[in-house]
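Trainee: I'd like to take a close look at one part of this protein, namely one strand and whatever lies beside it. Could you walk me through it slowly and then show me how it fits into the rest?

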Amino acid sequence: MKKLYASLLLGLSTLLVVSGAFAQTIRRVNNNGITGTNIYSTIQAAHDAAAANDIIQVEPSTTTYGSLTCTKKLTIVGPGYFLDLNTGLQASSIPATVASIDFQSGSAGSSVSGITTPNIYLRANNISVTRNKVDYLYVAYFGESSQCVIRQNYIYYLYAYGYTSNDLLVTNNLITYYVYLSNGVTKGEFNNNTVMASGGASFDGFTVKNNYFGYSFTPTSNTSWSYNKLAQASLPTSGTQSNNTANVAYNTILTWGSGTQYDAWYKLKAGGPGIGAGEGGVDIGAFDSPTGYDYKLSGIPAVPSIYEYNQSVNGNTLNVTLSTRSNN
């Protein structure tokens, strides 16, 4: 029964990904006892067997799939995260966990979404990190990582090392502890994020727009910042600024909650000071975007998903009921 469900899930979730990409091979990563052609028990084994432009589908598991050193252009897709808290999004509430992902030389153009991981390292250009739960995300980690996109993730710690990273786009993320983008050689945009970073947030060479900062915000003179809401009592004086507001407490702008903290806590409070307060009338924070990339609960990847699955046996007949949806 479990094998049937896993096969149905894989077939559906990769349908949209592979459309228009007939030369790609799907490499399944599954350590739940399912075996067969192009199925691997670790993500590194799937990578090593893959050709450039292949898809690596990482399936739900209670056991980690190990670490990945990525040296090929690949599309990596998992099921999402917080699926036990944001119910009704996937039939299985189990995430896909990878110990670390290190994008090295040769991996330019790769993307990863729907994965739970403690560490992602960017030291290649044009990497897309989208809709993941990441504890530590390191930009320009002992290697250039220009034109990278960090979008719609749930991040604990975002840190730029000392190597070049031009045209970095950080948008529509939830960041919970620390942001350091002030190493002097990392430049880009930081837009429509919700930052409850008790370790603070610092910037140099960035355009910073439409964000909420729940703790300290430190721009340098080389920072342009506008339409941000800050919890701190007064606005910083550095940088070029306009239309920013200080002294906005988190409980006036966010729904927040009690119990286990997860991404739904970061939604804006209806009628609060973040609604329509961004440039052009967009909402402040991660759940709205002038470009249509608002944050998606649980990091559901932009592929079809099974959100309800039921099966029963009547004699020799297996009856299966599936409820599916497309995701953007």
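Which residue in strand 8 stands opposite Phe-103?

Mentor: It's Leu-122: that residue of strand 8 faces Phe-103. Before we go on, keep in mind that this is a predicted model, where local features need pLDDT of at least 70 and side-chain atom pairs count only at pLDDT 80 or more, while totals for chains, interfaces and linings use all residues. Residues are numbered from 1 along each chain as its sequence is written, and side-chain values use heavy atoms, with hydrogens and water left out.

Now, your strand. Helices (H or I, at least four residues) and strands (E, at least two) are DSSP runs, numbered from the N terminus. Strand 8 covers residues 116-122, and 6 of its 7 residues are buried. Buried means under 20% relative accessible area, exposed means over 50%, and partly exposed is in between, using a 1.4 Å probe and protein chains only.

What lies beside it? Strand 6 (residues 100-103) pairs with strand 8 in the parallel sense over 3 bridges; two strands count as paired if DSSP finds at least two bridges between them. Strand 8 is also joined to strand 10 (residues 133-139), again running parallel, this time by 5 bridges. Here Ile-120 stands opposite Leu-137 of strand 10. A handy thing to know while you rotate the model: in a regular strand the side chains alternate between the two faces of the sheet.

Follow the chain out of strand 10 and you enter the loop that leads to strand 11, where Phe-142 sits. Phe-142 has a positive phi of about 55 degrees, though it isn't a glycine. That's worth a second look because most residues other than glycine have a negative phi. Phe-142 has a relative accessible area of 47%, so it counts as partly exposed.

Next comes another set of partners. Strand 11 (residues 149-151) runs parallel to strand 13 (residues 165-171), with 3 bridges between them, and Ile-150 is opposite Val-170. Strand 13 in turn is linked to strand 15 by 5 bridges, also parallel. Val-170 turns up here too, since its bridge partner in strand 15 is Phe-190.

Strand 15 spans residues 186-191 and includes Thr-186. Thr-186 counts as buried because its relative accessibility is 0%. Beyond neighbours within four places in sequence, Thr-186 is in contact (heavy atoms within 4.5 Å) with several residues, among them Tyr-161, Leu-168, Asp-204 and Phe-206.

Now zoom out. The protein has 4 helices and 25 strands, and buried residues make up 51% of its 328 residues. Of the contacts between residues at least 6 apart in sequence, 35% join residues at least 24 apart.

One last check is how far to trust the picture. On pLDDT, the predictor's confidence in each residue from 0 to 100, the protein averages 90, and 85% of the residues score at least 70. Over residues 1-22, though, the pLDDT is below 50, and the model gives this stretch 50 contacts beyond near neighbours in sequence. Residues 320-325 also stay under 50.
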